[in-house]
Amino acid sequence: MDSLYDAAEAQRYLDKYAAKYGEDLALRVYTSRLLGQDASLVLHGGGNTSVKSKVTELLGETTDVLYVKGSGWDLGSIEPKGFPACRLAHLRRCCERSTMTDEEMVAQLRGQMIDPSSPTPSVEALLHAYLPAKFVDHTHADAVLSLVDQPNSAELVEKVYGPDALLVPYVMPGFILARRIAEVWGAWVKSKGREPSVMILDKHGIFTWGETAEESYTRMIEAVRKAEAFVHDSPLSRPTMISAPPPDLLARIAPAVRGAMGRVSGRSWILSLRQTAPLLAFTNREDLAEVSQIGCVTPDHVIRTKPTPLVVTGAHADAPAAELRAQIEAAIRGYAERYHQYFERASTARKADVKELDRWPRVILFPGLGAITAGKTRGEAEIAADLYEHTAGVVDAAARLGTYQPVGELDLFDVEYWSLEQAKLGKAPAAGALDGKVALVTGAASGIGFGTARALGLAGAHVVLTDRNLDALTAAKAKLAGELGGRVHHVACDVTSMADVRAAVQSAVLRFGGLDVVVSNAGTAPQGGLHTEAGDEALRRSFEINFFGHQNISRAAADVMIAQGTGGAILFNASKSAFNQGPDFGPYAVPKAALVSLMRQHAVDLSPFGIRTGAVNADRIRTELFGGGVLEARAKARGVPVDEYFKANLLHRETTVEDTAKAFLYLATAEATTGCVITVDGGNAAAFPR
Ligand code: ZN
């Protein structure tokens, strides 16, 4: 590990922030980000930093303050407003108390904030206040964890850092840790007449400090480098290289996992599939079943990964879907039972009056194949995957060094059920009808496809956009990413190619773990008299996209939905032409009529699997389908001016993309409806379905 400190970059932070926030905070932001950008130091909100400085308050007095990382901020992307300023003298006095409840501590911290609208200070704020140095850095560096997650950690810490390192025995984070450090730090300084060089928290992490941001940061890097050198130089150090199994093995298992999780837990999950080198090395361990069950490498991972992962042995990607899913379901039920027993054991031992959290695993390991992680969103699943990837590396290194022995079950329980840790997960967003569901929309680069993908996404779904036109698709994805963040994914796909369609569905599985809703929308609007040769050719070409394109996506989607065993919805954009032909529009209308029949047939055939189908018959929506003279031609064919064409319906109301998207959203959520056609056309008596 090398220092990334760069004086020119530090100056840029000063230029950007110092005038408004002061030099101390500007540099505090800079080196906090340096730490946060290295995943082997801190991950996803882990670690914290602070600086002691002065502020001039509104009434003119100058006050010594502690700027400390606010809860909910990530070091890698933190900004000045992520560091609440608290009155330092008061925080230091808090450290003199012998006890303090969590509520009291939070009240003291919040009560001492200069700006009450700031985020709540880190649970380690009192500890940062206590330490005398101006800048203080705290990380959960992988290499340090490999050293301290050992039965003889004291011996190893002394070996690596010499007699000047202060090792603090494990206690729970928060006030208890601040209190303990006040005691051991005081005793250390008193007996040795100087400060320690570094402070290591057993089973937890590392603290460094300095009078400048650079000094504190550089000490962190040097200390971690020492641990890395020790870990890597140990005789058994080099991990053996494992050749990766084909990536599609995990993808073939994923729908069964997602279905099993959904069926057992009664809610929908998004999965992340990982086959990185550390996870392959770890899942190839002969002692995987035992070593994986020992516990988290540092306690605050527990809220993201649960205390242990689930290991599923003997899952074969080639097994029949129902069999594979049943096997995984049984494994999940076993995990839930063990989790419940752990909760009973620990809550009894701790006399804790707390409600049991959910019992479902977040990390599922497949020997030799890697990991599948689960969350309510792609973001949650990715966090669990990132944490476990580093866990795998730390445990491997620790096991090579000696014996992996992290913090014990009861201590993990304390952190998992600690209200201040649970608060880090944030409030659950308002529930959407499609939360945890995955929806794939074809022809999603524009028009009805785009509008429908957006509507499904706003209802909570993770959406996969497909289209033939990759440039337009990429632009559409970028547009939706602003509203949906990581819940949107895109993959180019020509629906007339079964290989393309299978690849697109596989891409959805690789990205989100499975598929629940398909809106088969891609289509073209060819014209021509069927009695002419040109019309005949147009009809045949049209069938490929306007009929078989829908059949292709239905088959590929049904495979995944059947493997999941949790139902699903396959919906089609059928158009009113299916019921009401227009002059010379046969190449469009005939396949669309056949499509309604296809939808009904799938409703019958897929009903045993709980898979529903439906179609939306929209008419005259202003989209690109009407480009290239089609609009003018259709208006002429109906004998109305172009402007009147869109309003020529019973309600005299132009029908919009949003109207159509609403109908698809309804069908996606209408659990008791299948084989249904919804018209979205402002009313057209000649096209009433019958
Ligand atoms: Zn920590």
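**Group meeting: a parallel sheet, a zinc site and a pocket**

Let me begin inside the sheet: strand β12, residues 438-441, runs parallel to β13 and is joined to it by four bridges. Within that pairing, Ala-439 stands opposite Val-463 of β13. I should say at once that this is a predicted model.

The overall frame comes next. The protein chain contains 25 helices and 18 strands. Along the principal axes, its C-alpha atoms fill a box of roughly 100 × 65 × 45 Å. The chain has 690 residues, of which 57% count as buried. If we take contacts between residues at least 6 apart in sequence, 73% of them join residues at least 24 apart.

I return now to the sheet. Seven strands make up an open sheet with parallel pairing, and their order is β14-β13-β12-β15-β16-β17-β18. The edges are held by β14 (488-492) and β18 (676-680); each has a single partner strand, so one side of each is left without a neighbour in the sheet. From one strand to the next, the twist averages 20°.

Strand β13 merits a closer look. Six of its six residues are buried, and the strand is mostly covered. His-462, Val-464 and Thr-466 point one way from β13, while Val-463, Leu-465 and Asp-467 point the other way.

On the other part of the strand order, β16 (residues 568-573) and β17 (residues 611-618) run parallel and are joined by six bridges. Two of the pairings may be named: Ala-569 has Arg-612 of β17 as its bridge partner, and Asn-573 stands opposite Val-616 in β17. Helix α19, residues 470-484, packs on the sheet, where it touches β13 (462-467) and β14; the direction of α19 makes about 175° with that of β14.

Why is β17 described as largely enclosed by the rest of the structure? Eight of the eight residues of β17 are buried, so the description follows. Ile-611, Thr-613, Ala-615 and Asn-617 point one way from β17, and Arg-612, Gly-614, Val-616 and Ala-618 point the other way.

One residue of the edge strand β14 is Val-491. Is Val-491 buried or exposed? Its relative accessible area is 15%, and the cut-off for buried is under 20%, so Val-491 counts as buried. Leaving aside neighbours within four places in sequence, Val-491 is in contact with Val-464, Leu-465, Thr-466, Asp-467, Leu-473, Ala-504 and Ser-507. Measuring sticks of another kind are sequence and space: Val-491 and Glu-632 are 141 residues apart in sequence and 33 Å apart in space, C-alpha to C-alpha.

I turn to the metal. Which residues coordinate the zinc ion? They are His-138, His-140 and His-204, each through NE2, at 2.1 Å. The spacing of these donor residues in sequence is H-x1-H-x63-H. Two of the donors can be placed by accessibility: His-138 counts as buried at 1% relative accessibility, and His-140 is buried with a relative accessible area of 9%.

The next topic is the second largest pocket. It holds about 810 Å³ of space. The lining of this pocket comprises 44 residues, and the closest to its centre are Asn-521, Gly-523, Thr-524, Thr-623 and Leu-625. Several elements each supply at least two residues of the lining: α18 (447-458), β13, α21 (533-564), α22 (586-606) and α23 (630-638). Strand β13 thus appears both in the sheet and in the lining of the second largest pocket.

A helix also deserves mention. In α16, residues 409-416, the buried residues are Leu-412, Phe-413, Asp-414, Val-415 and Glu-416. Their cover includes α13 (302-305), α14 (321-349) and α17 (419-422).

I close with two backbone details. Ser-575, in the loop between β16 and α22, has a positive phi of about 75° although it is not a glycine. With a relative accessible area of 5%, Ser-575 is buried. His-44 lies in the loop between α2 (23-36) and β1 (48-56), and its phi, near 40°, is likewise a positive value in a residue other than glycine. His-44 is partly exposed, with a relative accessible area of 32%.

Conventions: Residues are numbered from 1 along each chain as its sequence is written. This is a predicted model: local features need pLDDT of at least 70, side-chain atom pairs count only at pLDDT 80 or more; totals for chains, interfaces and linings use all residues. Side-chain values use heavy atoms; hydrogens and water are left out. Two strands pair if DSSP finds at least two bridges between them. Axes are lines fitted to C-alpha atoms, for helices over the stretch in contact, and angles run from 0 to 180 degrees between N-to-C directions. Contact means heavy atoms within 4.5 Å. Donors are N, O and S atoms within 2.8 Å of the metal (3.2 Å for Na, K and Ca); water is not among the atoms, so sites may look incomplete. Buried means under 20% relative accessible area, exposed over 50%, partly exposed in between (1.4 Å probe, protein chains only). On a 1 Å grid over the protein atoms alone, a cavity is a set of points where a 1.4 Å probe fits but cannot get out, and a pocket is an open set with protein on both sides within 12 Å along at least five of seven lines; lining residues have an atom within 4 Å of a point. Grid points are joined across faces, edges and corners, and a volume is the space filled by probe spheres set on the points.
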